[in-house]
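Dear colleague,

Please find the sequence and structure below for your records. My findings follow directly after them.

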Amino acid sequence: MAIDMTPARTTSRTWVLLLLVVVATSACGPRTKQQRQSHGDKRTDEATLLLNEASQHLRELNADRAEPLLAKAEKVLAHPDVDLSPEGDMLRSELAELQARVPRVREEKVRREKESVTDRERKEREAIAERERKALESTVEKQRDAVVEAMFAVTEALDALEARNAGSAQVTAASDAIQRTRERLKTGKELEAKSEDYAASARSTERRLEQAETRLQSARRVIDFVSGPLGESQEAPALEKKAKREKDLEARLSIYTDVRNRYLRCGSEADKLLSEMPELARSPLSVKGRPMALKAVAAGCKKKAGLTQRTVVKVQKAKVKWEKAQAKREKAREKMEKLKAAREKAREAARQKALARKRK
């Protein structure tokens, strides 16, 4: 068993004196047993110092410094006088144990150095990974903020579609906002594979965009109806007044036909809109700032189309009657023209005949 002692510090002078003692002793002639035992004790003291220092170096995993000390201690303990010292056998056992530890210490040092290198590499990898993680978090945060900002613009644009004065400009603005948000999502597509949190956020935004697209299509359909067929039908009363003042039956019939067609388109498109969007039966449309029930609009347009059709039929009949009268008048005129031409011809013949008689 190794003796764990704190190595004694010896000065150069002490080593010199110890060496002189050994030399002086060995230089003497035949010695007594007591002298030999004293010499053996001195050698064990020297070996103890060497072994303690070597043991300290081995504990510090410094086999290169321990080996020379163990070799020196082995020479010191090899002297026969050490056999007379009570500590001789114990020190030789300790020497053997320390010498056996040398290769194990070398292996342990190599293992720890490898572990140190591995640990350093691991820490470097962890540091790199941490830097990459922070960089990714920063990039994701910027991308997420950009998407949120773009989506906020979509929400504002969709809300504007419900305003009283909403029209094609608001539809275009909402469509552009949705497209910008989709483009923003595309720029962050690679981040979805690197960040599960951002991928989930992107999928949520895509679902919201789908809902926004549906809402936009509904608003576009309503606005197209309000600005198209419904708007045209609201211009019909003014056209009807114009038709009543029109004296030309052809022009009057054209105006009334246009009015009827406007009401027909209004009723047809209103029915179609209700079938595509049943929810509009419960929520009135905002037309020029006034709420209008789509079902009532459809019924009103169809009713007005029917009434206008009666007027169209009356004007058509009046036109037919006028055309017949006009045909009769034309026929009478042609008859009068023929009579006039015949009379002119007879008068010309009479003149020619009279001239012929005068020449005779």
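In this predicted model, the axes of helix α8 (residues 236–245) and helix α9 cross at roughly 160 degrees and come within 9 Å. Angles over 145 degrees count as roughly antiparallel, and α8 is therefore roughly antiparallel to α9. The crossing of these two helices, α8 and α9, is left-handed.

On the α8 side, the contact is made by A236, P237, L239, E240, K242, A243 and K244. Helix α9 contributes R252, I255, Y256, D258, V259, R262 and Y263. By character, eight residues of this contact between α8 and α9 are nonpolar and six are charged, with no polar ones.

Helix α9 also takes part in a disulfide, in which C266 is joined to C301 with an S to S distance of 2.0 Å. The two cysteines are 35 residues apart and link distant parts of the chain: C266 lies in helix α9 (residues 249–276), and C301 in helix α10 (residues 294–359). The link of C266 and C301 is right-handed, with 60 degrees about the S-S bond. The count of disulfides comes to one.

Are the two cysteines, C266 and C301, buried or exposed? The cut-off for buried is under 20% relative accessible area. C266 has 0% relative accessibility and therefore counts as buried. C301 has a relative accessible area of 6%, so C301 is buried as well.

With kind regards

Methods: Residues are numbered from 1 along each chain as its sequence is written. This is a predicted model: local features need pLDDT of at least 70, side-chain atom pairs count only at pLDDT 80 or more; totals for chains, interfaces and linings use all residues. Side-chain values use heavy atoms; hydrogens and water are left out. A disulfide is a pair of cysteine sulfur atoms within 2.5 Å. Helices (H or I, at least four residues) and strands (E, at least two) are DSSP runs, numbered from the N terminus. Buried means under 20% relative accessible area, exposed over 50%, partly exposed in between (1.4 Å probe, protein chains only). Axes are lines fitted to C-alpha atoms, for helices over the stretch in contact, and angles run from 0 to 180 degrees between N-to-C directions. Angles under 35 degrees count as roughly parallel, over 145 as roughly antiparallel, 65 to 115 as roughly perpendicular and the rest as oblique. A crossing is left-handed if the near helix is turned anticlockwise from the far one by less than a right angle, and right-handed if clockwise. Contact means heavy atoms within 4.5 Å. Ala, Val, Leu, Ile, Met, Phe, Trp, Tyr, Cys and Pro count as nonpolar, Asp, Glu, Lys and Arg as charged, and the others, Gly among them, as polar.
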